[in-house]
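Open the model in your viewer and keep the selection tool at hand. Each stop below says what to select next and what is there.

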Amino acid sequence: MIVSGMSAHPPTRPTLPTRPAETDEPPATDEPAETDEPPATDGLPATDEPAEADGLPATYEPPATDEPPATAEAAATAGDAGTAASPGTHRTGGTSGTPKGDRTAGAAVTDGTGRTAAIAGTAATAGAAGIAASPGTHRTGGTSGTPKGDRTAGAAVTDGTGRTAAIAGTAGTAGTAATVATAGTAEATETTDTAATAGSDEAAEVRRFWQDLGLPGLVDVHTHFMPERVLHKVWAYFDGLGPLTGGIEWPITYREEEAERAALLRAFGVRAFTAMLYPHKPGMARWLNGWAAGFARRTPDCLHTSTLFPEPGAAAYVREALEHGTRVFKAHVQVGGYDPADEALDACWGLLAEAGTPVVVHCGSGPAPGRHTGPGPMARVLARHPRLRLIVAHLGMPEYEDFLDLAERYAEVRLDTTMAFTGFSERMAPFPRRALPRLAALGDRVLLGTDFPNIPYPYAHQLDALAELALGDDWLRAVCHDNAARLFRLPHTPEPPP
């Protein structure tokens, strides 16, 4: 995770710490609360998403496309920002990208009896801000980067019972939240103005980056979505300067709720992203995979992600996850504290290699080394499974050149850029400039990763850091979009260069 000098961010965004660090998200604690323990079934605790939505379905069909859905029903699964109101209620929504506490984006509104009338994301089309209005009202919703009132993208009208009666448009940019009006009101809320300004500058900066390269958007292979209680424990771990962070100050830039975070990525123009989640002890992986299956169903532009751990039955749940549409796996050697060459994982690596399913592995020793980090353990795995589509997280930081060796030796080894070259990481573990020609030569196997949302700087800084390497626009296009688009067979993927 690296620091960007993105001036468009509000001053409340964290400043760069004096002692930088890099990592995936460490666990919240070595002894998680009972809410992190896998329940008897694969569902989440009752206070999280409904159990039936989180267990692996009997017949899970992966989405036909990774593009955001285009209907209100699909928008509910995509998790866009949006609010809905029944008669006599009102709420305002803010925009993704503004400081936490400045908005109530995605708020659920009750019908006056304490019952929830609608859940965030049910009133808007995918990638758009939604406006929910009860009879006799009207509002236009400003979208990220557009003036207030320029369109009614994603407007939803209720029939007086809280049910969505119509959808008015599918265009619009996520990252804005919805304005909700009550029956008989005539005054737009101030948050519509916020929707047109706060957050839009940040999104516009990111969009300019890929538009200037002539790309259709970005593909980010290293973003984190996980059960909210687990993610909050991760954030608490960072806040507490846990040992796996190297004891370095690590303010989280994007501490929004799940729907807002997904909407913000869409506002940035990220076509596809991942839900990098990982266990730190036996018994968690299957439970996390159940949650991830539910998240994939309601978030079609997130590549269905699963995880694993060296334990009895690992091969069975890896096979199950593959059969249910998993498109990428995540393994965290540092946090899990396990040897990836453990015999308990051998069959898993074999299944993944045979399926051609990529696996993102945090196996470098940054920001704090583990017992099994470094190139040696993964080299032993690759010796047994040379066709494994390994994506080395963080370019293998800080053992960059050792992992470049592995990529040069094995044709299916790739590297992601997560936090590499940013000011935050460069002060801790600078990438050796003598190795840049090797990185350039591997341009077809380097993928954009950011570690969003757990980064201590704005999203655009990662992109700026890559551009500043001056390896050329073709390299940037490949890294920021084309390589991953081909790997995951996204629609409208360009052909590889001759």
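## A strand, a helix, a strand

Begin by selecting β12, helix α11 (residues 375-384) and β13, which make a right-handed β-α-β unit. The model is a predicted one.

Keep strand β12 (residues 359-362) selected and look at its two faces, both of which are covered. Val359 and Val361 lie on one side, Val360 and His362 on the other, and all are buried.

Now add strand β13 (residues 390-392), which runs parallel to β12 and is joined to it by 3 bridges. Pick out Val359 and you will find Leu390 of β13 opposite.

Next, add strand β11 (residues 328-332). Its pairing with β12 is parallel and takes in 4 bridges. Select Lys330 to see a bridge whose partner in β12 is Val360. Then select His332, which stands opposite His362 in β12.

## The sheet of 6 strands

Widen the selection to the whole sheet. In what order do its 6 strands lie? The order is β10-β11-β12-β13-β14-β15, the pairing is parallel, and the sheet is open. Because β10 (305-307) and β15 (446-447) stand at the edges with a single partner strand each, one side of each has no neighbour in the sheet.

## The sheet of 3 strands

Clear the selection and choose β7, β8 and β9. These 3 strands form an open sheet in the order β7-β8-β9, with parallel pairing. The edge places go to β7 (218-219) and β9 (302-303); each has a single partner strand, so one side of each is left without a neighbour in the sheet.

Stay on strand β8 (residues 270-274). Parallel to it runs β9, joined to β8 by 2 bridges. One residue to select here is Phe273, whose bridge partner in β9 is Cys302. The parallel strands β7 and β8 are also joined by 2 bridges. Here, select Leu218 and look across to Val270 in β8, which stands opposite.

Is β8 enclosed or open to the outside? Since 5 of its 5 residues are buried, β8 is largely enclosed by the rest of the structure.

## Helix α4

Move to helix α4 (residues 200-212) and set a distance between its end C-alpha atoms. How far apart are they? They are 18 Å apart, which agrees with the span of 18 Å that 13 residues should have at 1.5 Å a residue.

Colour the buried residues of this helix: Ser200, Glu202, Ala203, Glu205, Val206, Phe209 and Trp210. Then step just past the end of α4 to Gly214, which takes a positive phi of about 75°.

## The nonpolar cores

In soluble globular proteins, nonpolar side chains tend to be buried together. To look at this here, select Leu218, Phe268, Leu308, Phe421 and Tyr459, the residues with the most contacts inside the largest nonpolar core, which has 100 residues. Apart from that core lies another, of 15 residues, including Val221, Leu303, Val360 and Ile391.

Go back to Tyr459 and show what surrounds this residue. Leaving out residues up to four places away in sequence, Tyr459 touches Glu202 and Val206, and also Leu218 and Val270, among others. Phe452 is another of its contacts.

## Phe452

Select Phe452, found in the loop between β15 and α15 (459-467). Is this residue buried or exposed? Phe452 has 0% relative accessibility, so it counts as buried.

Among the residues that Phe452 touches, not counting those up to four places away in sequence, are His222, Thr223, His224 and Phe225. Arg261, Leu264 and Leu265 are also among them. Now set a distance from Phe452 to Thr274: the two are 178 residues apart in sequence, and their C-alpha atoms are 9.9 Å apart in space.

## The whole chain

Finally, select everything. The chain has 16 helices and 15 strands. Of its 498 residues, 61% are buried. Among contacts between residues at least 6 apart in sequence, 79% join residues at least 24 apart. Turn on the surface last: the accessible surface of the chain comes to about 17700 Å², and 52% of this belongs to carbon and sulfur atoms.

Terms used: Residues numbered from 1 in each chain as written. Predicted model: local features only at pLDDT ≥ 70, side-chain atom pairs only at ≥ 80, totals over all residues. Heavy atoms only, no water. Pairing = 2+ DSSP bridges. Buried < 20%, exposed > 50% of the residue type's maximum accessible area, 1.4 Å probe, protein only. Right-handed = clockwise from strand over helix to strand, strands pointing away. Expected span 1.5 Å × (residues − 1). Contact = heavy atoms within 4.5 Å. Areas by Shrake-Rupley, 256 points an atom, 1.4 Å probe, with all protein chains shown as cover. Core = buried A, V, L, I, M, F, W, Y, C linked by side-chain atoms within 4.5 Å.
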